[in-house]
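I opened the notebook to record how the helices pack and which charged side chains pair up. Entries follow in the order I looked things up.

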Amino acid sequence: QTVTGRTLADYPLIQNVTVCKMFRRDFLLKHDIRFPDGPHYIEDQQICIQAYAHAGSVAVVGDIACYFYRRRRTGGHNHGDTRIEPAAYFRELAAILDVIDTQVEPRARHAALTRYYRNEMLGRLRGEAMLRYDDDYRHDIARHVRELATTRIPAQVHDALPMFLRVQSRLLLDGDID
C-alpha cells in the first residue's frame, strides 16, 4: 500500500534495499551518496542503506506499478547471477555493516543487522548452489561469513532469529561448516 513519511525506525524499509527508487538529486549530493566507480557487489544496497539512514521521510508508492523488472534471458549477467569472489563480496558487505553501525539510528539498527545476517550472510550458506560448490570454495565463503558473524553481529541478532536460522547460525559460530 502507499505510505508516506516513513523511516527505517518505523517501517520495514530495510527489507527492500534495491535501487528501484527515486531520490532527489540534492539529497544525494548533500549526503555524498553515490555509486562507486567500476564493478562492485551489492553497491545498490549500500546506496539504499545510506539513503535510508539519512532520510527524514520516505514514501512508498504501492497502488500503481512504477517499476517493471525483466530478467535477462540471454546474454550478460548481473552479480546476483554469477559466482561471487568471497573476499571482495564480504569486504563490500563489511562496508554496509559500517554504514549500519555509524549512520543508522540505534532503534533501527537491530532490524538492519538482522536483515543482512539472514540474507547476505546465512543465506549464502544454504541452498542448491552451496551444495554444488567445491569444498574449498564453500569453506572460503563460510570462513568469510563466520569472520563477519563473530566480529560484527551482536548476540541479540542471533538470539532473535527463527529456530531454523538460529540452528544454522549456531553451527556457523561453532565452526561446524560441514
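**Entry 1: H3 against H6**

I started with helix H3, residues 86-103, and its packing on H6. The axes come within 10 Å and cross at roughly 15°. That makes H3 roughly parallel to H6. I noted the hand of the crossing as right-handed. This is a predicted model, so I read every value here as computed from it.

Next I listed who meets whom. From H3 the contact takes Pro86, Ala87, Phe90, Leu93, Ala94, Leu97, Asp98 and Asp101. From H6 it takes Tyr137, Asp140, Ile141, His144, Val145, Leu148 and Arg152. I sorted the residues of this contact by type: ten are nonpolar, one is polar and four are charged.

**Entry 2: His144**

I wanted a closer look at one H6 residue in that list. Is His144 buried or exposed? Its relative accessibility is 14%, and under 20% means buried, so His144 counts as buried. I confirmed that His144 sits in helix H6. Leaving out residues up to four places away in sequence, His144 touches Pro86, Ala87 and Phe90. Those three also appear on the H3 side of the contact with H6.

**Entry 3: H4 against H6**

I then turned to the pair H4 and H6. H4 covers residues 106-121 and H6 covers residues 135-152. How far apart are their axes, and at what angle do the helices pack? The axes are 11 Å apart and the angle is about 165°. Angles over 145 degrees count as roughly antiparallel, so H4 is roughly antiparallel to H6. I logged this crossing as left-handed.

The contact list came next. Leu113, Tyr117 and Met121 represent H4. Val145, Leu148, Ala149 and Arg152 represent H6. By type, I get six nonpolar, no polar and one charged. Val145, Leu148 and Arg152 of H6 meet H4, and these residues also meet H3.

**Entry 4: Salt bridges**

How many salt bridges does the structure hold? I recorded ten. I went through three pairs in detail.

Arg152 and Asp98 make one of them, with the closest N and O atoms 2.8 Å apart. Arg152 is in helix H6 and Asp98 is in helix H3, so this pair links distant parts of the chain, 54 residues apart. Asp98 has 39% relative accessibility and counts as partly exposed. I also noted a network of salt bridges that links Asp98, Asp101 and Arg152. Asp98, Asp101 and Arg152 all belong to the H3 and H6 contact.

Arg83 and Asp134 make another, at 3.7 Å from N to O. Arg83 lies in the loop between strand E2 (58-60) and H3, and Asp134 lies in the loop between helix H5 (128-132) and H6, so the pair ties together parts that are 51 residues apart in sequence. I checked both partners for accessibility. Arg83 is partly exposed at 48%, and Asp134 is partly exposed at 39%.

The third pair I looked up is Arg132 with Glu128, at 3.7 Å from N to O. They are four residues apart in helix H5, so about one helical turn separates them. Arg132 is exposed, and Glu128 is exposed too.

**Entry 5: Positive phi in the loop between H1 and H2**

I moved on to backbone angles. Which residue here has a phi of about 55° although it is not a glycine? I found Asp32. Asp32 lies in the loop between helix H1 (25-30) and helix H2 (43-54). Its relative accessible area is 60%, so Asp32 is exposed.

Ile42 also has a positive phi, about 40°, and is not a glycine. Ile42 lies in the loop between H1 and H2 as well. At 11% relative accessibility, Ile42 counts as buried.

**Entry 6: Gln50**

My last lookup was Gln50, in helix H2. Gln50 has 12% relative accessibility, so I entered this residue as buried. What does Gln50 touch, not counting residues up to four places away in sequence? I wrote down Asp32, Ile33, Val99 and Gln103. Asp32 is the positive-phi residue from the previous entry.

Note on methods
Residues are numbered from 1 along each chain as its sequence is written. This is a predicted model: local features need pLDDT of at least 70, side-chain atom pairs count only at pLDDT 80 or more; totals for chains, interfaces and linings use all residues. Side-chain values use heavy atoms; hydrogens and water are left out. Axes are lines fitted to C-alpha atoms, for helices over the stretch in contact, and angles run from 0 to 180 degrees between N-to-C directions. Helices (H or I, at least four residues) and strands (E, at least two) are DSSP runs, numbered from the N terminus. Angles under 35 degrees count as roughly parallel, over 145 as roughly antiparallel, 65 to 115 as roughly perpendicular and the rest as oblique. A crossing is left-handed if the near helix is turned anticlockwise from the far one by less than a right angle, and right-handed if clockwise. Contact means heavy atoms within 4.5 Å. Ala, Val, Leu, Ile, Met, Phe, Trp, Tyr, Cys and Pro count as nonpolar, Asp, Glu, Lys and Arg as charged, and the others, Gly among them, as polar. Buried means under 20% relative accessible area, exposed over 50%, partly exposed in between (1.4 Å probe, protein chains only). A salt bridge is a side-chain nitrogen of Lys or Arg within 4 Å of a carboxyl oxygen of Asp or Glu.
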